[in-house]
Amino acid sequence: MNVTRMRAASGLDILSRPSCRTPLAVHGGRQHQLAVVASAQAGTVDESWSAGDEEAGPGPSSMQQARQQQQQQKARQRRSKAEPVRTERVPMQWQAPRLNNQALTMLIVEAPDCTSLLEILQQNQNNLNHINVVAALNRTTKLYHSGRIRPMDSRIISGQILPLLVSDVRNRMALFKARGVATVAHALGSLDVRDKELFSSLASQAERQLPDFTPQGLSNMLWAFARCGYQPPTRWMDAYVSTCHAKLAQFGAQELSTVMWS
């Protein structure tokens, strides 16, 4: 065996190379040098770790650490995408679902008491039409005369329900047909609402469509006017009497007695 082979086998030639001293000194000192010598003797020297690695960057341990950090970062990114975004929940006030007018009318007609009726009207105040208003006034009258009225119910009717409905009647006056005018007038009379201006508006709305009134509607309207102390103009009374005369054959005993009393 010549000297060159002996030096290569013993690792002295590797240690004597200037290109290998720096990475050996950087990566582990004396113990690392011995490990490299042993690897060289066993023929397992990492050929990829050459003199160029000194200028190329960190050694194998640093590269492994960088790869681990990169993998951890990717894992965190995957978890952040998988986790739902947590947002602060703002409590919302409950609102009753909007009903169509036909369903709302049924709900008003079936209201069991004044408190329930008031809640229905308040929750749907912006959705009421003229038919709903007529139904609400009619239901209020029936509850008031049901015989189960309590002092609290009377306060609810006079202080909350009636002001709300009277305001709606004023705003929708032009929409009321003959039957609606008669029902509204009778309800206001039954609840003893003494509002001369309101009854004057009802009389004007009724005058345009007196021929469309039924005998019951004619008698109920005149009864309400008399009950609340409202005296229609002479011209209106003349038109009313003419209409009653034209429909006299259709009047029953109840309607005739009501007109005579009024």
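**Briefing: a helical chain, with Leu165 and Arg79 as examples**

Of the 262 residues in the protein chain, 34% count as buried. The model is predicted. The protein chain holds 15 helices and 0 strands. Two residues are followed below: Leu165, which counts as buried, and Arg79, which counts as partly exposed.

**Whole chain**
- The accessible surface of the protein chain is about 17,300 Å², and carbon and sulfur atoms contribute 51% of that area.
- Among contacts in the protein chain with a separation of 6 or more, 70% are between residues 24 or more positions apart.

**Leu165**
- Leu165 lies in helix α10, which spans residues 151–171.
- Its relative accessibility is 0%, so Leu165 counts as buried, the limit for that class being under 20%.
- Leaving out residues up to four places away in sequence, Leu165 touches Leu121, Val133, Ala136, Leu137 and Thr140.
- One of these partners, Thr140, is 25 residues from Leu165 along the chain, and the C-alpha atoms of the two are 10.0 Å apart.

**Arg79 and the positive patch**
- Arg79 belongs to helix α6, made up of residues 60–82.
- Arg79 counts as partly exposed because its relative accessibility is 46%, which falls between the 20% and 50% limits.
- On the surface, Arg79 joins Lys74, Arg76 and Arg78 in a patch of positive charge.
- Members of such a patch have over 30% relative accessible area, and the 46% of Arg79 is the value to set against that cut-off.

Note on methods:
Residues numbered from 1 in each chain as written. Predicted model: local features only at pLDDT ≥ 70, side-chain atom pairs only at ≥ 80, totals over all residues. Heavy atoms only, no water. Patch = residues over 30% accessible without salt bridge, like charges linked within 9 Å, V, L, I, M, F, W, Y side chains within 5 Å. Areas by Shrake-Rupley, 256 points an atom, 1.4 Å probe, with all protein chains shown as cover. Salt bridge = Lys/Arg side-chain N within 4 Å of Asp/Glu carboxyl O. Lys, Arg positive; Asp, Glu negative; His and termini not counted. Charge placed at Lys NZ, Arg CZ, Asp CG, Glu CD. Helix = DSSP H or I, 4+ residues; strand = E, 2+ residues; numbered from the N terminus. Buried < 20%, exposed > 50% of the residue type's maximum accessible area, 1.4 Å probe, protein only. Contact = heavy atoms within 4.5 Å.
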